[in-house]
Amino acid sequence: MLNGKKIILGITGGIAAYKCGHLVRLMVKQGAEVKVILSHSALQFITPQTLSVLSKNEVLTDFFDKNFNWNNHVHLAEWADVVLIAPLTANSLAKMASGACDSILLATYLSARTKTIVAPAMDLDMFQHPSVKKNLETLKSYKNEIIPVETGELASGLVGEGRMAEPENIVSYLNDFFTKNLPLKGKSALVNAGPTYESIDPVRFIGNRSSGKMGIAIAESLVFMGAQVTLVLGPSQVEIKNKTIKVLRVESSEEMYDAMLANYSEKDIVICSAAVADYKAANVSELKIKKKEDNFKLDLIKTKDILLELGKQKKNQCLVGFALETNNLEEYAKQKLKNKNLDLVVANSASDVGSGFSGDTNKITIIDKHNKITNFELKSKQKAASDIVNYIIDFVK
Ligand code: CTP
């Protein structure tokens, strides 16, 4: 995902420029903010209007706009997380290799302290020419990255190497670029969150006040650090903004148990933050229960303890549980850590102001299996989530 990434897309004048509308759309769809700079010759192949609509940003072609305002290429370069030039023609490549600066695109390239990634596109023999090869080597020596050209039919009708990488492949290159150095790259995580609803009859259930916010924030924080995340989510109203999280919706503790067990074995990190009901109705009535007696007794039985079972089946997973207590926080949390065979327990007190189920803040204490106790300040659930994930990163190192 390119969520929140700031990308400058420089387009130079090759026929593959026509694919850049699709490229911009793909990047924006993944959450990137894209600003486009066109070379003058690119204007022959794609219009600034199209790119402006798709990127939802102004498109630049000159150092000055029509009102003679200066387009500050230094600020533009500072703004970007990456400069992507696609397609890159032989002419613009030669200019980049030589340090020429006769356009706002080249000025932005020369000003950029962030990584520049290029996707060359040219015809068969041009691409094979030694000067092109040499210029590409020069860009590499400047620490620019080259997205390999693809093989196929070229604009001339010749068949061979030289096509610009397809927009989907460029986007996947960018995804790898942004995630390759993240600490949880290659790790998979399983998180549960939210309440469970245990049916009593077709219209009633036993539930609790959990919002799911803490677990969702943990899932997002894990993704931010590069992990692949599956979230098993009870009935929560919170919107999951990050589309890379695989969300499995469940309602009852039994469904949550099944989903967690089915997804457990291959995971590296497993975090159980869900407020699973401890009891459910012994018998669920098929029909709505009618109001008859003054006193109504409901027969309850224990639900399955999901975390306890995960602890029993644990192999190499780092298993993290939560403990929400009103009293004896440390003592009870330590008992849960031991009884459920956890690596870490995140304890929080329902009696602390600002902590607990439905609010936006939490005050947590992490206790690990080596008995190390770390207290954190009251903070937003997002920041608490990133404290938990950072702790796990250090713990599994
Ligand atoms: N948990 C679970 N399945 C249950 C009950 C709890 O997986 N049926 C998990 C929770 O997700 C949490 C941890 O166990 O990570 C501790 O939950 P908590 O409600 O604090 O404690 P319980 O084990 O239910 O014990 P008690 O209610 O007596 O404190």
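**Exercise 1. Orientation of two helices**

Establish why helices α4 and α7 are classed as oblique to each other, working from the predicted model.

Solution. Begin with the general description: two packed helices are characterised by the angle between their axes and the distance between those axes. For α4 (residues 90-98) and α7 (residues 130-141), the axes come within 9 Å and cross at roughly 50 degrees. Next, apply the cut-offs: an angle under 35 degrees would count as roughly parallel, and one of 65 to 115 degrees as roughly perpendicular. The crossing angle of roughly 50 degrees falls in neither range, and α4 and α7 are therefore oblique. The handedness completes the description: α4 passes α7 in a left-handed crossing.

The residues in contact can then be listed. Helix α4 contributes A90, L93, A94, M96 and A97, which meet V132, N135, L136, T138 and L139 of α7. Sorted by class, this contact has eight nonpolar and two polar residues, with no charged residue.

**Exercise 2. A second helix pair**

Characterise the packing of α9 against α13 by angle, axis distance, handedness and residue class.

Solution. Take the geometry as the opening step: α9 (residues 213-224) and α13 (residues 381-396) pack with their axes 8 Å apart, at an angle of about 55 degrees. That angle makes α9 oblique to α13. The crossing of this pair is right-handed.

Turn next to the contact itself. On the α9 side it involves K213, M214, A217, I218, S221 and L222, and on the α13 side K381, Q382, A384, A385, S386, I388 and V389. The class count for α9 with α13 is eight nonpolar, three polar and two charged residues.

**Exercise 3. One residue within the α9 and α13 contact**

Determine whether A385 is buried or exposed, and identify the residues that A385 touches beyond its sequence neighbours.

Solution. Locate the residue: A385 lies in helix α13. Its relative accessible area is 0%, and because the cut-off for a buried residue is under 20%, A385 counts as buried. With residues up to four places away in sequence left out, A385 touches M214, A217, I218 and S221. These four residues are among those that α9 contributes to its contact with α13. The chain separation may also be set beside the spatial one: A385 and I216 are 169 residues apart along the chain, while their C-alpha atoms are separated by 8.9 Å.

**Exercise 4. Aromatic pairs**

Find how many aromatic pairs the whole structure holds, and classify each by its ring geometry.

Solution. The search of the whole structure gives two aromatic pairs. For F177 and F178, the ring centres are 5.1 Å apart and the planes stand at 65 degrees; since an angle over 60 degrees is required for edge-to-face, the pair is edge-to-face. F177 and F178 are each buried. For Y197 and F205, the centres are 3.7 Å apart and the planes 15 degrees apart, and this pair is stacked. F205 is partly exposed, at a relative accessible area of 42%.

**Exercise 5. Backbone exceptions**

Identify where the backbone has a cis peptide bond, and which non-glycine residues with positive phi can be placed in loops.

Solution. The background is that most peptide bonds are trans and that most residues other than glycine have a negative phi. Consider the peptide bond: the link from A86 to P87 is cis, with omega near -5 degrees, and P87 belongs to strand β3 (residues 82-88).

Consider phi next. K56, which is not a glycine, has a positive phi of about 60 degrees. K56 is placed in the loop between α2 (48-55) and α3 (73-79) and, at 65% relative accessibility, counts as exposed. N328 has a phi near 45 degrees, likewise positive in a residue other than glycine. N328 sits in the loop between β16 (318-325) and α12 (329-339) and is partly exposed, with a relative accessible area of 39%.

**Exercise 6. A loop residue and a covered helix**

Contrast the burial of D299 with that of helix α5.

Solution. D299 lies in the loop between β14 (279-281) and β15 (300-302). At 54% relative accessibility, D299 counts as exposed, because the cut-off is over 50%. Despite this exposure, D299 touches K280, A281 and A282, with residues up to four places away in sequence not counted. Helix α5 (residues 104-111), in turn, is mostly covered, with six of its eight residues buried. Those buried residues are I104, L105, L106, A107, T108 and Y109.

Key: Residues are numbered from 1 along each chain as its sequence is written. This is a predicted model: local features need pLDDT of at least 70, side-chain atom pairs count only at pLDDT 80 or more; totals for chains, interfaces and linings use all residues. Side-chain values use heavy atoms; hydrogens and water are left out. Buried means under 20% relative accessible area, exposed over 50%, partly exposed in between (1.4 Å probe, protein chains only). Contact means heavy atoms within 4.5 Å. Axes are lines fitted to C-alpha atoms, for helices over the stretch in contact, and angles run from 0 to 180 degrees between N-to-C directions. Angles under 35 degrees count as roughly parallel, over 145 as roughly antiparallel, 65 to 115 as roughly perpendicular and the rest as oblique. A crossing is left-handed if the near helix is turned anticlockwise from the far one by less than a right angle, and right-handed if clockwise. Ala, Val, Leu, Ile, Met, Phe, Trp, Tyr, Cys and Pro count as nonpolar, Asp, Glu, Lys and Arg as charged, and the others, Gly among them, as polar. Rings of Phe, Tyr and Trp (its six-membered ring) pair if their centres lie within 6.5 Å; planes under 30 degrees apart count as stacked, over 60 as edge-to-face and the rest as tilted.
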